[in-house]
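Hi,

Here is the structure I promised to pass on. Have a look at it first, and then read on for what I found in it.

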Amino acid sequence: DISPGFKEECNPKERSAGGFFLNEDDASVAQKELLWESKYASAYEFFKGPTRQIEVFLDGNLFAVTFRQPTLCNYILGADKDLVIQQVNLENPEEKGKTFVELCLATYERTLHTQMLSHLSLWKLLPQRLVPEDLAERLDARVSVRPFNFFLKDRSRYFDLVGQITLVLSFVLSAAVVSAIE
């Protein structure tokens, strides 16, 4: 268990810049402290982001287990998460664990594919006769154009939205065809 005092001591302090100082040494010290506090707050936010916690019930005790979330988790498609949630067999704990692991293994393969698509560079998609490989690597280092990343970032929110928009458009087109036939 984390004591509230320790947690409060670790949280970054809110402090505003400015103030009046009698000499430049005091102002310099205050500026360095403010810079350090700013760096600490940035680091705190960075490490807080990919940190997750689960509760484990073992031998009648409830434990909180904190872990670093792998960056690969950012590429899990929303539909895959929903599929795992819907298809896990909740009848007994053994079957629940078995189906969860099986579904996660299948999801893992698709997630690797999604990550690879997200990192594809526009320069490497063009034919080699137009953009030689060494030029593509130099261009990619300077101007990172990853066309699929937009759709696949943030747990594929936009990718799922495209599917929903496509469904609505197909319904509208079907209704237009039916009304034109009549």
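Let's start with Asp80, which sits at 7% relative accessibility and so counts as buried, the cut-off being under 20%. Keep in mind that this is a predicted model, so every value here is computed from predicted atoms. Asp80 lies in helix H3, and the buried residues of that helix, which spans residues 78-87, are Gly78, Asp80 and Val84. They take up an arc of only 165 degrees around the axis, which means that they are on the same side of H3. As general background, an α-helix has 3.6 residues a turn, so residues three or four places apart point the same way.

What does Asp80 touch, leaving out residues up to four places away in sequence? The answer is Thr107 and Arg110.

Take Arg110 to begin with. The side chains of Asp80 and Arg110 make a polar contact at 3.0 Å. The two residues also form a salt bridge, with their closest N and O atoms 3.0 Å apart. The pair links distant parts of the chain, since Arg110 belongs to helix H4 and Asp80 to helix H3, 30 residues apart. How many salt bridges does a search of the whole structure find? It finds one, so if you want to look at a salt bridge here, go to Arg110 and Asp80. In general, side chains of opposite charge can pair when their charged atoms come close. The two partners are not covered alike: Arg110 has 35% relative accessibility and counts as partly exposed, whereas Asp80, at 7%, is buried.

Now for Thr107. Its place is in helix H4, which runs over residues 93-118. Thr107 is buried, with a relative accessible area of 8%. Not counting residues up to four places away in sequence, Thr107 touches Ile76, Asp80 and Val84. Two of these names should look familiar, as Asp80 and Val84 are among the buried residues of H3.

Next, the strands. Strand S1 covers 51-58 and strand S2 covers 61-68, and Asp59 is in the loop between them. Is Asp59 buried or exposed? It has 74% relative accessibility, so it counts as exposed. Its backbone is worth a look too: phi of Asp59 is near 50 degrees, a positive value in a residue other than glycine. For context, most residues other than glycine have a negative phi.

The strands also carry a nonpolar surface patch. Which residues make it? They are Ile54, Leu58, Phe63, Val65 and Phe67, and the patch comes to about 420 Å². S1 and S2 are the elements that give two or more residues to it, and S2 has the largest share, with three residues. One of the patch members, Leu58, is found in strand S1. Leu58 counts as partly exposed, at 47% relative accessibility.

One more spot to visit is Ser38, in helix H2, which takes in residues 24-48. Ser38 is partly exposed, with a relative accessible area of 41%. Ser38 and Pro12 are 26 residues apart in sequence, and their C-alpha atoms are 8.5 Å apart in space.

Finally, the overall picture:

- The secondary structure of the protein chain comes to seven helices and two strands.
- Along the sequence, the pattern of the chain reads α-α-β-β-α-α-α-α-α.
- Of the 182 residues in the chain, 13% are buried.
- Among contacts between residues at least 6 apart in sequence, 47% join residues at least 24 apart.
- The accessible surface of the chain is about 14,900 Å², and 61% of it belongs to carbon and sulfur atoms.

If you open the model with just one thing in mind, try Asp80 in helix H3, and follow its contacts to Thr107 and Arg110.

Cheers

Conventions: Residues are numbered from 1 along each chain as its sequence is written. This is a predicted model: local features need pLDDT of at least 70, side-chain atom pairs count only at pLDDT 80 or more; totals for chains, interfaces and linings use all residues. Side-chain values use heavy atoms; hydrogens and water are left out. Helices (H or I, at least four residues) and strands (E, at least two) are DSSP runs, numbered from the N terminus. Buried means under 20% relative accessible area, exposed over 50%, partly exposed in between (1.4 Å probe, protein chains only). Contact means heavy atoms within 4.5 Å. Accessible areas come from the Shrake-Rupley method with a 1.4 Å probe; for residues, only the protein chains shown count as cover. The arc is that of the directions from the helix axis to the C-beta atoms. Patches are made of residues with over 30% relative accessible area and no salt bridge: like charges are joined within 9 Å, nonpolar side chains (Val, Leu, Ile, Met, Phe, Trp, Tyr) within 5 Å. A salt bridge is a side-chain nitrogen of Lys or Arg within 4 Å of a carboxyl oxygen of Asp or Glu. A polar contact is a pair of N or O atoms within 3.5 Å; within protein, one must be able to donate a hydrogen and the other to accept it, and residues adjacent in sequence count only if both atoms are side-chain atoms.
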